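User: I am new to this structure and would like a close look at a single part of it, preferably one that meets another part of the chain. Please explain carefully how that part sits within the whole.

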Amino acid sequence: MNIEVGNIKLIEDAKLFIDGEYVDSHTGETFDTINPATNEKLASVAKADITDTKRAIDIAHRTFESGIWSKMPVEERSKILCKMSDLILEKLDELAYIETMDVGKPISESKGFDIPRSASNFRFFAEMIKYITQEYYEMNNYYSYSQYNPAGVTSLIIPWNLPFMQMTWKASAALAVGNTVVIKPASNTPLSALKLGEIANEAGLPPGVLNIITGSGSVVGTEMSVNPKVKRLSFVGETETGKTVMQNAAKSLTPVSLELGGKSANIIFEDADLDEAVEGSIEAIFRNQGEICLAGSRILVEEKVYQQFLDRFVERVKKIKVGDPLDEETDMGAIVSKDQLGTVEYYVQLGLDEGAKIAYGGERVKEFENGNYYQPTVVYDVDNKMRIAQEEIFGPVAVVIPFKDEQEAIDIANDSIYGLAGVVWTNDLRKAQRVTSAVDSGLLWVNCWYIRDLRTPFGGSKDSGIGREGGKYSFDFYSEIKTITMKK
C-alpha cells in the first residue's frame, strides 16, 4: 500500500530491517497500522515472532564480534552518524508526514521539532564521542585510567508517542559508542522507525549494525529483554510494563535504563507572570495531544490567583485549534488509537464521579467523528487524592488543583508515585531554588517547559524510571567501563 502527498511517496508495506535488508517475517504474518485521524489503514507491517527476533539479535551479535563497527576508528563512526543526521534533514518532509499520519500529531510539530531534533540527536552524539574524556589518576608509583568500550548488542524498545525522536535519542548514543542495535518500535507507530534502515544504508552503516523489528511487545519485547546476547536494554513506556521488562532483564543481569510514566506538577505561584504561565501551561499539557510523559498534567495554582489563572487558562484553551494533523494551522491532532481515546474518556468521567468539575471540553470532537479526536479538557477543583490526579492519563486533560502556600505546593507535588518532571512559575529566584530542590523529580523547569540541553542527564525517580541518559550519562550506560592500573 502506498500513500502519496504531493510528489512524496510516504509509505509502503513495511518489512523488518535485518542485516541491512528489508525482509518479511519468516511466517509471512502482518498487522495493520492505522491513521488515528481517520481510523483507516495506512500500511501492512511485518509481524516478527521469537524466531525473527532471535535472528536479529544473533546478527547484531555476530556483527559486533566482527569488529566492523565496534573497532572502527571513532572518527569514521562519527562521519557515518553525521551523514545519517544529514539524511534525516534531507528527508524532513517525508519523515514528518509519516510521523504525523502514524501518530496523529500536528504536522507543525513533526516538521518543526520532532524530525529536526532527531537529526540533532545523531549529530550531537556523533560529535561528542570524539571528545569523550577518560579519567586518569596517579598514586605513588602507579597510575590508573578508565577505558570506555562498547557493551555489545543493545535492545531499544520505543514508545508510540514520539517514535522517531525517542528512537534516534537512544540509537545515536548506542551506535556512537560502537554497539550494534536492535530496535522494536511500538506496534501503533512503526513506520518512521523503519525508515531509519533506509537512512542507515544510504549513510554507509555496515549491515547488521542496526536492526529494526516490528511485532507485539509480549513476544518481540520479551525476547529482546531475556536474550543473554543482549548486553544493554533501554525501554521507554508505561511503568508496569517497565517493571516486567526489568524482571526479564534480571534473568541475564542485563543493565537497564527505564524511562517510564509521569504525572508532573506544574506549580504556579501568585508572583508568577500569569500570561507566561498560561502559555507555558497550555504547551505543557496539550502539546502532542497530551501524549508526553513530561506533560505538566497536574496544574497546581496558589489560591490567591487560582480563579484568575483558571479563567485566563480556559479562555486560552478555547482558542486551541483541533483538526486535521496535516493542516499546518492545527494545534492539536488525533489521539493515537481508539483504545487510548477510550482511556481518556474513562478518566474524565472518573474525575466527575470523584467530584471534580469540567471548565472546558470533556467530549469527543463531533466534526471529526471518524477519527480519534478529543477536546482539550480542563478539570478543576481537583483534590490531589483523586485518581484523576494520581494516575497517568496520557491525553489532553489538565487537572487544576489549588494550594495555600509554598510548603503545601511541595507536599502536593511529591504526593505521587511518579517523579519524572515538574515546572515552577515564579519571579522569586530564592523560592524557585527552594521548590525545585524539594520536589522529587528528575527534571525541573523554572518559567519554561520542555527545554532540553542534550548534555544534561534525563530520567526520573520513583515509578518514573531508573537510570539517566544524555551526554556522558548515555555513554556511561551504553559502555562497558574498564579501569586499568599500571606500575610506573
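Analyst: Before turning to the part itself, one cut-off is needed: a residue is called exposed when its relative accessible area is over 50%, buried when that area is under 20%, and partly exposed in between. It should be said at once that this is a predicted model.

The part I have chosen centres on Asn427, which belongs to the loop between β20 (421–425) and α14 (429–438). Asn427 has a relative accessible area of 56%, which is over the 50% cut-off, and so it is exposed. Exposure does not leave Asn427 without partners, for when residues up to four places away in sequence are set aside, it touches Asp271, Ala272, Asp273 and Asn447. One of these, Ala272, is 155 residues from Asn427 in sequence, yet the two C-alpha atoms are 5.5 Å apart in space.

Which residues does Ala272 touch, apart from its neighbours within four places in sequence? They are Trp425, Thr426 and Asn427, so that, with strand β20 covering 421–425 and the loop after it holding Asn427, the picture is of a meeting between one stretch and another that lies far along the chain. Ala272 itself sits in the loop between β14 (265–268) and α9. Its relative accessibility is 11%, under the 20% cut-off, and therefore Ala272 counts as buried, whereas its partner Asn427 is exposed. Separation in sequence does not by itself tell how far apart two residues lie: Ala272 and Ile410 are 138 residues apart in sequence and 16 Å apart in space, C-alpha to C-alpha, while for Asn427 and Ala272 a separation of 155 residues goes with 5.5 Å.

Following the chain onward from this place leads through helix α9, which covers 274–286 and is linked to β15 (298–302) by a loop that holds Gln289. With a relative accessibility of 0%, Gln289 counts as buried, and its backbone has a phi near 60°, a positive value in a residue other than glycine. Gln289 is among the contacts of Pro396, which are listed without neighbours within four places in sequence and which include Ile285, Phe286 and Gly290 as well as Met332, Val344 and Tyr374. Pro396 lies in the loop between α12 and β18 (397–403) and, at 0% relative accessibility, counts as buried. Its C-alpha atom is separated by 8.5 Å from that of Ser297, although the two residues are 99 places apart along the chain.

A loop that comes before α12 offers a further example of a positive phi: Asp381, in the loop between β17 (377–380) and α12 (387–390), has a phi of about 55° although it is not a glycine. Asp381 has a relative accessibility of 30%, which lies between the two cut-offs, and so it counts as partly exposed.

For comparison with the chosen part, consider Glu259, at which UniProt, in an unreviewed entry, places the feature "active site". Glu259 is in strand β13 (residues 256–259) and is buried, with a relative accessible area of 5%. Its contacts beyond four places in sequence include Gln166, Trp169 and Lys170, together with Phe235, Phe458 and Glu469.

How do these local pictures fit into the whole? The protein chain has 15 helices and 24 strands. Its radius of gyration is 23 Å, close to the 23 Å that the globule rule gives for 488 residues, so the chain is as compact as a globular protein of that length. Along its principal axes, the C-alpha trace spans about 65 × 65 × 40 Å. Buried residues make up 57% of the chain, and the pairing of Asn427 with Ala272 can be set beside the finding that, among contacts with a separation of 6 or more, 73% are between residues 24 or more positions apart. The record from UniProt, an unreviewed entry, lists residues 22–484 for "domain: Aldehyde dehydrogenase"; this span is 41% helix and 21% strand, and its end C-alpha atoms lie 42 Å apart.

To return to the part requested, Asn427 is an exposed loop residue that touches, among others, the buried Ala272.

Definitions and conventions:
Residues numbered from 1 in each chain as written. Predicted model: local features only at pLDDT ≥ 70, side-chain atom pairs only at ≥ 80, totals over all residues. Heavy atoms only, no water. Helix = DSSP H or I, 4+ residues; strand = E, 2+ residues; numbered from the N terminus. Rg over C-alpha atoms; globule rule 2.2 N^0.38 Å. Buried < 20%, exposed > 50% of the residue type's maximum accessible area, 1.4 Å probe, protein only. Contact = heavy atoms within 4.5 Å. UniProt positions renumbered as here; feature names shortened; annotations may be inferred.
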